[in-house]
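Open your viewer and get ready to select residues by number. This tour goes stop by stop.

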Amino acid sequence: MDEQDSLDEQVTAPFGNFPDVRRALDAVAELAGPVAAALKHWDAELAGAVRYVDTDPELAGTAVFCAAYDVPAEASANCVVVAAKRGGETTLAAGLVLATTRLDVNKAVRGHLGARKASFAPMDTAVGESGMEYGGITPVGLPAHWPLLIDAAVAATPWVLIGSGRRRGKLILPGAALAALPGAQVLDGLAG
């Protein structure tokens, strides 16, 4: 391999100052099992665009993370697992909103899911049902039967940072790629 080939294979992040940036498909060992499996079975072009950045799990909180890695908060999104109840049945769903906003669970999520009551899912339920670590839950690799509600502002973001399924590491991908995930529904007004 000559020097030009090596330069062509370099992977960079579209923002931030990360010491280790790789194609997510080259870092599947660093991802939670469901995330790695989803990437392997996703559209090859979309999966190839996903970047993995290695990060310190002690800096996983959004504000601290953005400051430490020079990431604009408006390029970061949070994935929240919601428990929606109707008629004695509970449905788990996920909501994805920009880190500069909050998921409107009581009106937007509850109304969209036709639930009588909706709330953040308990941590043990979110972790157990997703197969991911708390603080790293991501829309990539969630159970296919879960509704995945994505705020339109996230889908419109050129590049967005999300969890990797673990507290260590994050994924960066085009916001529009998130709309191609199983169960994804892009909605206006999901964030409050």
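What follows is a tour of a predicted model, from a pocket to the cores and then to two single residues.

**Stop 1: the largest pocket**

Select Thr62, Asn78, Cys79, Val80 and Tyr134. These five lie nearest the centre of the largest pocket. Its full lining has 28 residues. The volume of the largest pocket is about 710 Å³.

Which element gives the most to this lining? Show strand β3, residues 77-86. β3 leads with five residues. Now add α4 (62-69), α6 (123-130) and β7 (160-163). Each of these, like β3, supplies at least two lining residues.

Colour the lining by class. You should find 17 nonpolar residues, eight polar ones and three charged ones.

**Stop 2: the largest nonpolar core**

Next, select Leu39, Ile162, Leu171 and Leu178. They have the most contacts inside the largest nonpolar core, a set of 37 residues. Several elements give two or more residues to this core, including α2 (33-41), β4 (89-98), β6 (148-151) and α8 (175-178). β3 and β7 are also on that list, and you met both at the pocket lining.

Zoom in on Leu178. What does Leu178 touch, leaving out residues up to four places away in sequence? Show Leu96, Pro139, Ile150, Val154, Val160, Ile162, Leu173 and Ala184.

**Stop 3: another core**

Apart from the largest core lies another, of 13 residues. Select Val105, Ala115, Leu149 and Leu190, which are among them.

**Stop 4: Leu98**

Go to strand β4 and pick Leu98. Is Leu98 buried or exposed? Its relative accessibility is 11%, so Leu98 counts as buried, the cut-off being under 20%.

Now show what surrounds Leu98. Not counting residues up to four places away in sequence, Leu98 touches Glu74, Ser76, Ala77, Ala153, Val154 and Thr157. Val154 is a contact of Leu178 too.

Draw a distance from Leu98 to Leu39, C-alpha to C-alpha. It comes to 22 Å, and the two are 59 residues apart in sequence.

**Stop 5: Asp70**

Last, select Asp70. Asp70 is found in the loop between α4 and β3. The relative accessible area of Asp70 is 54%, so this residue is exposed, since exposed means over 50%.

Check the backbone here as well. What is the phi of Asp70? The angle is near 55 degrees, a positive value in a residue other than glycine.

How values were computed: Residues are numbered from 1 along each chain as its sequence is written. This is a predicted model: local features need pLDDT of at least 70, side-chain atom pairs count only at pLDDT 80 or more; totals for chains, interfaces and linings use all residues. Side-chain values use heavy atoms; hydrogens and water are left out. Helices (H or I, at least four residues) and strands (E, at least two) are DSSP runs, numbered from the N terminus. Buried means under 20% relative accessible area, exposed over 50%, partly exposed in between (1.4 Å probe, protein chains only). On a 1 Å grid over the protein atoms alone, a cavity is a set of points where a 1.4 Å probe fits but cannot get out, and a pocket is an open set with protein on both sides within 12 Å along at least five of seven lines; lining residues have an atom within 4 Å of a point. Grid points are joined across faces, edges and corners, and a volume is the space filled by probe spheres set on the points. Ala, Val, Leu, Ile, Met, Phe, Trp, Tyr, Cys and Pro count as nonpolar, Asp, Glu, Lys and Arg as charged, and the others, Gly among them, as polar. A nonpolar core is a set of buried Ala, Val, Leu, Ile, Met, Phe, Trp, Tyr and Cys residues joined through side-chain atoms within 4.5 Å. Contact means heavy atoms within 4.5 Å.
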